[in-house]
Amino acid sequence: MMEYRIYAGTYAGADENGIFRYRMDGNSQILERELALPGISNPSYLALSQNGTMMYAVMEDMEYHGKAGGGVCAIKCRENSLEILNSRGTTGTLPCHVTLDEEAGVIYAANYMSGSLSMFPLMPDGSLGEMSDCRQHKGKGPNTLRQEGPHVHFSGLSPEKDGIWCVDLGLDRILFYGIDVHTMTLSHRPERDIMLPKGTGPRHFVFQPGNAHRMYVVCELSSEVFAVNILKEGCQILQRISSLSAPNDKSSCAAIKCSEDGRFLYVSNRGDDSIAVFRIDPKRPSPSGADRKGRRQDSQRYSGT
């Protein structure tokens, strides 16, 4: 019998249960709550280690211990308990995403409101060391309501792990930072930045499994997906395609996922309340079509470079 454990983070006060663990029987597919953990303010995003013994949560706040910024928290996951090891301030406000690099022993926090990326070393016991670097972005975009300043929403390691891409919704840019694991610092490599069309508002990206040269970027503000060719000498946008079957000004994109076999791409649409399913052409690995609510979309209507 296959058994699964599922963790859920929430927006909750530090005095409330904010993280929950559920057990699911693979046969009955019924969720049963196992554990609940209080003591962490607004643990909205979680990252679990590969062996499941450690978990890292953002503290999506504007203030940490009386100073501006949110926080990140290290949690030990045991068979019958969850234990908070420690937490650190991010300096940046409203951290909304955590990237875990277990091989290098580093955690990165994307600070949405202030528009920065924080870097923390991991200690031998899995706890968080002092913040080793923080890269503050500057600038703004054309959308005066959502792009009045930088807004870092997500970071993701390059497939070769020679650097990390940092998605800034406010700047319509994905910035690339080289990583020095010896000094635990980051260095901006602007020649590898990815510039998206103004006002699109990039949010997240995924790489096609088995293809280190193909990145798919979801843009929250324009409800579009971009296929990007990733090369050492520079990046090229190959295609842009809508995630909607019809225009909807009240909708915006959120998550993007790629199937393990690299054949399909999935995008969630908030407001439109739909999931777009794109088929990836193996001969031309760009999203060549989409199904939404069981209906076929005309991909040529949205495709372009």
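Biologist: Which residues do ring pairs link into a cluster?

Modeller: Ring pairs link Phe154, Trp165, Phe176, Phe205 and Phe207 into a cluster. This is a predicted model, in which local features need pLDDT of at least 70, side-chain atom pairs count only at pLDDT 80 or more, and totals for chains, interfaces and linings use all residues. Residues are numbered from 1 along each chain as its sequence is written, while side-chain values use heavy atoms and leave out hydrogens and water.

Biologist: How many aromatic pairs are there by the rule, and why is the pair of Trp165 and Phe207 called tilted?

Modeller: Rings of Phe, Tyr and Trp (its six-membered ring) pair if their centres lie within 6.5 Å, with planes under 30 degrees apart counted as stacked, over 60 as edge-to-face and the rest as tilted. By this rule the count comes to 5 aromatic pairs. The ring centres of Trp165 and Phe207 are 6.0 Å apart and their planes stand at 45°, so this pair is tilted. The pair links distant parts of the chain, since Trp165 belongs to strand S15 (residues 163-168) and Phe207 to strand S19 (residues 202-207), 42 residues apart; strands here are DSSP runs of E with at least two residues, numbered from the N terminus.

Biologist: Are Trp165 and Phe207 buried or exposed, and how do you know?

Modeller: A residue is buried under 20% relative accessible area, exposed over 50% and partly exposed in between (1.4 Å probe, protein chains only). Trp165 has 0% relative accessibility and therefore counts as buried, and Phe207, at 17%, also counts as buried.

Biologist: What makes Arg192 a charge over the face of Phe176?

Modeller: The rule asks that NZ of Lys or CZ of Arg be within 6 Å of the ring centre and within 35 degrees of the ring normal. Arg192 lies over the face of Phe176, at 4.0 Å from the ring centre.

Biologist: Why does Lys198 count as exposed, and which residues does Lys198 touch?

Modeller: Lys198 has 60% relative accessibility, so it counts as exposed. This residue is found in the loop between strand S18 (194-195) and S19. Not counting residues up to four places away in sequence, Lys198 touches Pro142 and Asp172, where contact means heavy atoms within 4.5 Å.

Biologist: What is notable about the phi of Leu94 and of Ser223?

Modeller: Most residues other than glycine have a negative phi. Leu94, although not a glycine, has a positive phi of about 50°, and Ser223, also a residue other than glycine, has a positive phi near 55°. Leu94 lies in the loop between strand S9 (82-89) and strand S10 (95-101), and Ser223 in the loop between strand S20 (214-219) and strand S21 (224-231).

Biologist: Why do Leu94 and Ser223 count as buried?

Modeller: Leu94 is at 18% relative accessibility and therefore counts as buried, as does Ser223, because its relative accessibility is 3%.

Biologist: Where does Ile30 lie, and with which residues is Ile30 in contact?

Modeller: Ile30 is placed in the loop between strand S2 (17-25) and strand S3 (31-38). Leaving aside neighbours within four places in sequence, Ile30 is in contact with Arg23, Met24 and Asp25. The C-alpha atoms of Ile30 and Glu130, which are 100 residues apart along the chain, are separated by 41 Å.

Terms used: Helix = DSSP H or I, 4+ residues; strand = E, 2+ residues; numbered from the N terminus.
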